[in-house]
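Dear colleague,

I am passing on the structure that we talked about, and you will find it just below. After it I have set out what was found in it, beginning with one detail and then widening the view.

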Amino acid sequence: MVCRSQPILLMWLPFITAQISLYPLKQKDIARPITGFIQVLKEHELDVVPGAMSTVIAGKEKVVWNALHTAFLTATKHGDTVMLFSVSNACPWPHKDIYSR
């Protein structure tokens with residue numbers, strides 16, 4: 001499925017969005033790895049929108065990939081962890097005017 005509510009020009013911008021779910025496994029305190037994960041994402045100059053079931057982020061492509069890697073490593077310091085994510089270069093970011101970047 002393609003999400004194209006913005007002009008096709010958006011596909012050539014180095015801007016991507018991602019929806020991420022983090023699942024700390026076999027851990028008594030699941031809040032610490034999740035809040036640490038979200039904090040790392042925020043430190044990477046991304047737009048971050050935490051939700052009850054997942055977090056949505058947006059930013060420059062290289063920054064998003066680096067942030068996902070660093071945030072996952074941070075979460076795994078607390079124990080076994082599963083991270084699921086979907087990434088798109090075709091879905092516009094609804095929270096800001098991405099053309100101002």
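Please keep in mind throughout that this is a predicted model. I begin with the aromatic side chains, where the structure holds one aromatic pair. The two partners are W65 and F85, whose rings lie 6.0 Å apart from centre to centre with 70° between their planes, an arrangement that counts as edge-to-face. Because W65 belongs to helix α2 and F85 to strand β4, the pair ties together parts of the chain that are 20 residues apart in sequence. As for how far the two are covered, W65 is partly exposed at a relative accessible area of 38%, and F85, at 38% relative accessibility, is likewise classed as partly exposed.

To place that pair in the fold, it helps to go through the protein chain as a whole, which has two helices and four strands. Read from the N terminus, these elements follow the order β-α-β-β-α-β. The chain has 101 residues, of which 36% are buried, and it exposes about 6600 Å², with carbon and sulfur atoms supplying 59% of that area. If one takes the contacts in the protein chain with a separation of 6 or more, 72% of them are between residues 24 or more positions apart.

The four strands form an open sheet in the order β2-β3-β1-β4, and their pairing is antiparallel. Strands β2 (47-50) and β4 (81-88) stand at the edges with a single partner strand each, so that one side of each is left without a neighbour in the sheet. On average, and with direction ignored, neighbouring strands of this sheet are turned by 20° against each other.

Taking the pairings one by one, strand β1 (residues 15-24) is joined to strand β3 (residues 55-60) over six bridges in the antiparallel sense. Within that pairing, A18 stands opposite I57 in β3, while Q19 has V56 as its bridge partner in β3. Between β1 and β4, which also run antiparallel, there are eight bridges, and here S21 stands opposite L84 in β4. Strands β2 and β3 run antiparallel and are joined by four bridges, with D47 opposite A58 in β3, and a hairpin of four residues leads from β2 to β3. You may also want to note how β1 is covered, since eight of its ten residues are buried.

Both helices belong with this sheet. Helix α1 (residues 31-43) packs on the sheet and touches β1, β2, β3 and β4, and its direction makes about 165° with that of β1. Helix α2 (residues 61-76), the one that carries W65, lies across β1, β3 and β4 and runs at about 135° to β3.

Two single residues may be worth finding in the viewer. Which residues does S54 contact, once its neighbours within four places in sequence are left aside? They are Q19, I20, S21 and V49. S54 itself sits in the loop between β2 and β3, and because its relative accessibility is 15%, under the 20% limit, S54 counts as buried. The side chains of S54 and Q19 are joined by a polar contact of 2.8 Å, and Q19 is the residue whose bridge partner in β3 is V56.

The other residue is G59, which has its place in strand β3 and is buried, with a relative accessible area of 0%. G59 and V48 are eleven residues apart in sequence, and their C-alpha atoms are 9.1 Å apart in space.

If you open the model, a convenient route is to start from the pair of W65 and F85, follow F85 into strand β4 at the edge of the sheet, and then cross to β1, which is joined to β4 by eight bridges.

With best wishes

Note on methods
Residues numbered from 1 in each chain as written. Predicted model: local features only at pLDDT ≥ 70, side-chain atom pairs only at ≥ 80, totals over all residues. Heavy atoms only, no water. Buried < 20%, exposed > 50% of the residue type's maximum accessible area, 1.4 Å probe, protein only. Contact = heavy atoms within 4.5 Å. Areas by Shrake-Rupley, 256 points an atom, 1.4 Å probe, with all protein chains shown as cover. Pairing = 2+ DSSP bridges. Axes fitted to C-alpha atoms, helices over the stretch in contact; angles between N-to-C directions. Phe/Tyr/Trp six-rings, centres within 6.5 Å; stacked < 30°, edge-to-face > 60°. Polar contact = N/O pair within 3.5 Å; in protein donor to acceptor, adjacent residues only side chain to side chain.
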